[in-house]
Each structure stands twice: as structure tokens, then as C-alpha cells.
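This report goes through selected local features of one protein model. Please keep the sequence and the structure open while reading.

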Amino acid sequence: MGTVYIAPTVQGTGDGSSAANAYAYSSLSSAESDAGSGGIIYFLDSATYGNYTAANPSFQADGVTYQSLIPHGAIFQPSSFNYINFGNGSNTTGVTVKDFEFKDLRLFTNNSAGGANLFENCKFTSTSAYTSYVLNYGNADVTVRRCVFNVEFNDSTETIITSSGSGTIDNCTFYITAGSGVSSNGLTIASVGTTKNSIFVSTDSSKIGTNLATTSSNCCFNDFGTQSGGTDNKFADPQFVDATTGDFRLRPSSPCIGSATLS
């Protein structure tokens, strides 16, 4: 296993041995081979090197950790909506993806062959309305943890989360903007295996057509459809610092503070 560096474009000698000699993203497969199982690939920050514009980013090498060198510093933003392909049907160890920001991209998790996949501390934002799910989530060995989804929908009937009833959502924040094109009860959520310690807020409760709370624990719901039930959930305004600017920190008076459990 090894430590490898990658940037949107080649740096220096391009052998991945350091930030100054980072691989180009187009050579990701070479970086994956160099890292090997148990290795890590650091992605350099977009403020210095530019955004990653791959239409279909794929993080699928078994046992490899893909990580932004600076938290939320590496930004993926293609020219149109597409998918992040995360995990692989033949993985036995699993894949870890950490600290990225993804703009106008959806998370698509592939089934693994027993690997424990982790998607952690990432941000999803949309600059225009989504036209399908934001999270396709169908594997018992996938955990989505400490991620923020600040996304917009504007089609009449869409699925926010597509799931086979497995997997874990933990310590995540979903802030869903429902545009004028969304019909009443038009945004739905498929069954999720474990949902805990997370916050779900929408801009229009009439647009959410699924009661996620019944299968959730220690979560906070606000304007998220007709929500009730579950275990130790709260149904109140979480009191974000400023949701309009994407600042989802909690104010000191937030009812959500202290309501989560240790993960």
C-alpha cells in the first residue's frame, strides 16, 4: 500500500509521489495501482489546481481510500448532472471516500461482495434542479456518514433516496429545496435500513410524500412531509445558522443539540 497524490491536471513529473508531482485525474487508474489495497489517494484542492470535471467519477478500487487533502477542498463539478460510481460488485475489502465536495452529481453505490464501504464528510450541492434521486443507496455494507446534501428538485415526481432497504445513514443533513415543478407528495424516499442522528429539512412539507421518521432514530425532521413515529426523534426547526447560504451549523438553542447517540 502507498500514498499517492492526484490533481485535475498533471503536476511536475506526474508520478504521484508528492503534491508537486501529482498524477493527472485522467491517470486515476495508475494512481489506484500505486496506492494498492490499504493505500490512500489524496486529491489536491480546487482553489489552487481547478475543479475536477469528470462526467462520471468512479471510486471503485478495492481497499483504497480516496480523500480530499483539504476537507471539501477538492471539488467535482461536471458540465451536466451525472453520477459518482462508488464501490464495485467484486469488492471484498471495500472503498472509502472522504472530505470531497460534489456539485451537480448524484451518489450511486454499487453492491459489493462483502466489502464495508464508507462515504464520509462529503458535501453535495446543486446549482440547478435535480431530475432524479440524489442518493442511490442499495447495499447493506455501505455507510453514508457526516455528509451534507443541499439539493434542489423541480420535477413533478422524484425519489430523494433510492434504496433496497439496507445500508446506514448516520450524522447526515438533508436540506431539500422543492421547486414549483414538484407536485404535492411528489418527492419520495425508498426504504432505508438504518437512519440515525440525522437532520431532514425541506422548503415545502407538502412536497414530501414518505414518512421516513417511522424507521429512524435520534433524528430531527422539519417541514419534511407528515412526519411522526420512530425512536427518540424530534419534530422541530433545527435552527441552522443560515440555510440559505449553506451554513448548516446549529445555533446554541437548537433542539437537535445533545439528541444524537454515539455512532
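## Helix α1

In this predicted model, helix α1 spans residues 28-35, and its buried residues are L28, A31, E32 and A35. These residues lie on the same side of α1, because they cover an arc of only 100° around the axis. The spacing fits a general rule: an α-helix has 3.6 residues a turn, so residues three or four places apart point the same way.

The buried residues of α1 pack against five strands: β1 (3-7), β2 (23-24), β3 (40-43), β4 (58-59) and β5 (65-68). After the helix comes G36, which has a positive phi, near 65°.

## Salt bridges

Side chains of opposite charge can pair when their charged atoms come close. With a cut-off of 4 Å between a side-chain nitrogen of Lys or Arg and a carboxyl oxygen of Asp or Glu, the model has 6 salt bridges.

One of them joins the side chains of E120 and K98, with an N to O distance of 3.8 Å. E120 belongs to strand β11 (residues 117-120) and K98 to strand β8 (residues 96-98), so this pair ties together parts that are 22 residues apart in sequence. E120 is buried, at a relative accessible area of 7%, whereas K98 is partly exposed, at 23%.

Another salt bridge is formed by D204 and K207, whose side chains meet at 3.7 Å, N to O. Here the acidic partner, D204, is partly exposed, with 25% relative accessibility. Its partner K207 is buried, with 10%.

The side chains of R249 and D247 also form a salt bridge, at 2.7 Å from N to O. R249 is exposed, with a relative accessibility of 54%, while D247 counts as buried at 19%. Elsewhere, K98, E120, R145, R146 and D170 are joined into one network by salt bridges that share partners. The bridge between E120 and K98 described above has both of its residues in this network.

## Cysteines

How many disulfides does a search of the whole structure find? The search finds 0. In the case of C122, the closest cysteine sulfur is that of C147, and the two sulfurs are 4.9 Å apart, which is too far for a bond. The cut-off applied to a pair of cysteine sulfur atoms is 2.5 Å. C122 is buried, with a relative accessible area of 1%.

C172 is likewise in no disulfide. The cysteine sulfur nearest to C172 is again that of C147, 4.9 Å away. C172 is buried too, at 1% relative accessibility. C147 is therefore the nearest cysteine for C122 and for C172.

## The segment after β26

Strand β26 covers residues 247-250, and S254 is in the segment that follows this strand. Is S254 buried or exposed? S254 is buried, because its relative accessible area is 6%, which falls under the 20% limit for that class.

Which residues does S254 contact, leaving aside its neighbours within four places in sequence? With those neighbours set aside, S254 is in contact with P238 and Q239.

Definitions and conventions. Residues are numbered from 1 along each chain as its sequence is written. This is a predicted model: local features need pLDDT of at least 70, side-chain atom pairs count only at pLDDT 80 or more; totals for chains, interfaces and linings use all residues. Side-chain values use heavy atoms; hydrogens and water are left out. Helices (H or I, at least four residues) and strands (E, at least two) are DSSP runs, numbered from the N terminus. Buried means under 20% relative accessible area, exposed over 50%, partly exposed in between (1.4 Å probe, protein chains only). The arc is that of the directions from the helix axis to the C-beta atoms. Contact means heavy atoms within 4.5 Å.
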